[in-house]
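Biologist: I am new to this structure. Please choose a single part and take me through it closely, starting from the chain as a whole.

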Amino acid sequence: MASPTKDLKQPKPLPAPNPDFYEFAADLPAEELAIVKKVRDYLETKVQPVINKYWVEDSFPFELLPSFKELGIAGLGMNGYGCPGGSHLLVGLVGMEIARTDASISTFWGVHTGLAMNSIYLNGTEEQKQKWLPSMARMEKIGCFGLTEPLVGSGTGGGLTTTAKRDGDTWVLNGQKRWIGNAPWCDISIIWARDVADNQVKGFIVENKATPGFSVEKIQNKIALKVVQNGQITLDNCRVPDENRLQGGQGTFRDTARVLRGTRHGSAWEATGIQMGAYENALKYAQERLQFGKPIGSFQLIQELLAKMLGNIVACQCIVARSVQLEEEGKLNDAQAALAKAFCTSKSRETVSMARELLGGNGILVDYNVARFFADAEAIYSYEGTFQMQNLIIGKAITGFSAFV
Ligand SMILES: Cc1cc2nc3c(=O)[nH]c(=O)nc-3n(C[C@H](O)[C@H](O)[C@H](O)COP(=O)(O)OP(=O)(O)OC[C@H]3O[C@@H](n4cnc5c(N)ncnc54)[C@H](O)[C@@H]3O)c2cc1C
């Protein structure tokens, strides 16, 4: 018979942090699960060891690009043109998984694949897809998406100031784009500009390094998503051939909105991933950090923080799980995507702030990861449409009144 005294002295193995509390990923087919696992292993072994250094330095880890390409996740969810295909759920889970380790890397990936490649995939002609997508799927060419301008942020639907003027079989682009992720170093920009002839917004594929009049300045001094390089693009009489105008859509702002619907939803997945990463780091810390001679995780008030974080995570996972089903069925509308983005990003601000609090002073040190999640959650709250803009989209859908202006 085992001695009760001896049993009491055995240290109990502590549960490993598990942010998938409701076995959210369990229904994924084995081959898709294997992709998520491959991405997780990569992020944990290759990205985690170096990411804080790059974040502090405000620089992009180009050393990781060759191995990142090998993951084969550029163009995920797109079929043909050298893209790997996969379900919407897989795309969401991969975005969430990357953000679980680092939201700058998920943003870099999201801009290249969800914004730049998807603009061509959804709005390009067959010929344009054949020409541009395969090298982007191999990540030989990296893309960015230029919609926001220095003077036009939330109001892009109401009027861009960047102009496109047709001149024979070329277009002349003039204006500026601000905040454009990947722009300071990437190869291809999708530039959205207002056609001066019909006042409609059209998309253009611009080759950054080979188009005279195209220049980019890196935005300095960011306090969030510091690894992503954001740029201010200036287009000074940039000539683009008509064959680079996205011609497979309607040639209006609806084309832009179609791309943004998917990535807005993608931001909800990212915001969920950030919370998972912050929670795991906080829980591990709570299990190890001793105060008053005990792990702080054994204190009731700390357990309450952890339970609240987990509640937020599960709520966000449930929203994205359902909205991705709607997306899979082609039924996800703008207001539903907006609700997912608004809810998950606002909950992510709460969750990372609780994680930061739990770490005490170490919560403001990048070395413990949580401070990075804490700062990065702020940018995701604002990009792809701010919290207010998402709520205005929801408000219009549920009341029937537009309150944008
Ligand atoms: C890190 C980062 C990466 C980004 N990457 C890209 C990118 O790759 N490509 C790209 O095109 N853009 C990108 N953006 C731009 C982003 O989409 C914009 O920052 C965002 O749309 C908000 O625009 P703004 O910053 O100009 O804020 P503003 O539009 O000036 O808004 C300021 C405030 O006013 C509020 N507001 C505005 N209008 C209303 C209203 N009608 N009612 C109530 N409140 C209102 C907003 O919610 C916000 O709180 C990025 C931004 C960041 C921070």
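Modeller: Charges come first. The chain carries 42 positive and 43 negative side chains; Lys and Arg count as positive, Asp and Glu as negative, with His and the chain ends not counted. The centres of the two sets lie 3 Å apart, with each charge placed at NZ of Lys, CZ of Arg, CG of Asp or CD of Glu.

This is a predicted model, where local features need pLDDT of at least 70 and side-chain atom pairs need 80 or more, while totals for chains, interfaces and linings use all residues. Numbering runs from 1 along each chain as its sequence is written, and side-chain values use heavy atoms, without hydrogens or water.

Now the overall fold. The chain holds 11 helices and 11 strands (DSSP runs numbered from the N terminus: H or I of at least four residues, E of at least two). Its radius of gyration is 22 Å, close to the 22 Å that the globule rule gives for 405 residues, so the chain is as compact as a globular protein of that length. That radius is taken over C-alpha atoms, and the rule is 2.2 Å times the number of residues to the power 0.38. Along the principal axes, the C-alpha atoms fill a box of roughly 90 × 50 × 40 Å. Of the 405 residues, 53% are buried (under 20% relative accessible area with a 1.4 Å probe, protein chains only; exposed is over 50%, partly exposed in between). Take contacts (heavy atoms within 4.5 Å) between residues at least 6 apart in sequence: 76% of them join residues at least 24 apart.

The part I choose is helix 10, residues 370-382. Its 13 residues should span 18 Å at 1.5 Å a residue, and its end C-alpha atoms are 19 Å apart, which agrees. The expected span is 1.5 Å times one less than the number of residues.

Buried or exposed? In helix 10, 10 of the 13 residues are buried, so the helix is largely enclosed by the rest of the structure. Val370, Ala371, Arg372 and Phe373 are among them. So are Ala375, Asp376, Ala377, Ala379, Ile380 and Tyr381. The cover over these residues includes helix 2 (30-57), helix 4 (88-101) and helix 5 (103-123). It also includes helix 7 (253-288), helix 9 (334-358) and helix 11 (387-399).

Look at both ends. Asn369 sits in the loop between helix 9 and helix 10. Its phi is positive, near 70°, in a residue other than glycine. Asn369 is buried too, at 9% relative accessibility. After helix 10 comes Glu384, with a positive phi near 60°. Glu384 is not a glycine either, and belongs to the loop between helix 10 and helix 11.

Next, a neighbour in the cover: helix 4. Its 14 residues reach 21 Å from first C-alpha to last, close to the 20 Å expected at 1.5 Å a residue. In helix 4, 11 of the 14 residues are buried, so this helix is largely enclosed as well. Gly92, Leu93, Glu97 and Arg100 are among the buried ones. The buried residues of helix 4 pack against helix 2, helix 3, helix 5, helix 7 and helix 10. The pairing thus shows up from both sides: helix 4 helps cover helix 10, and the buried residues of helix 4 pack against helix 10.
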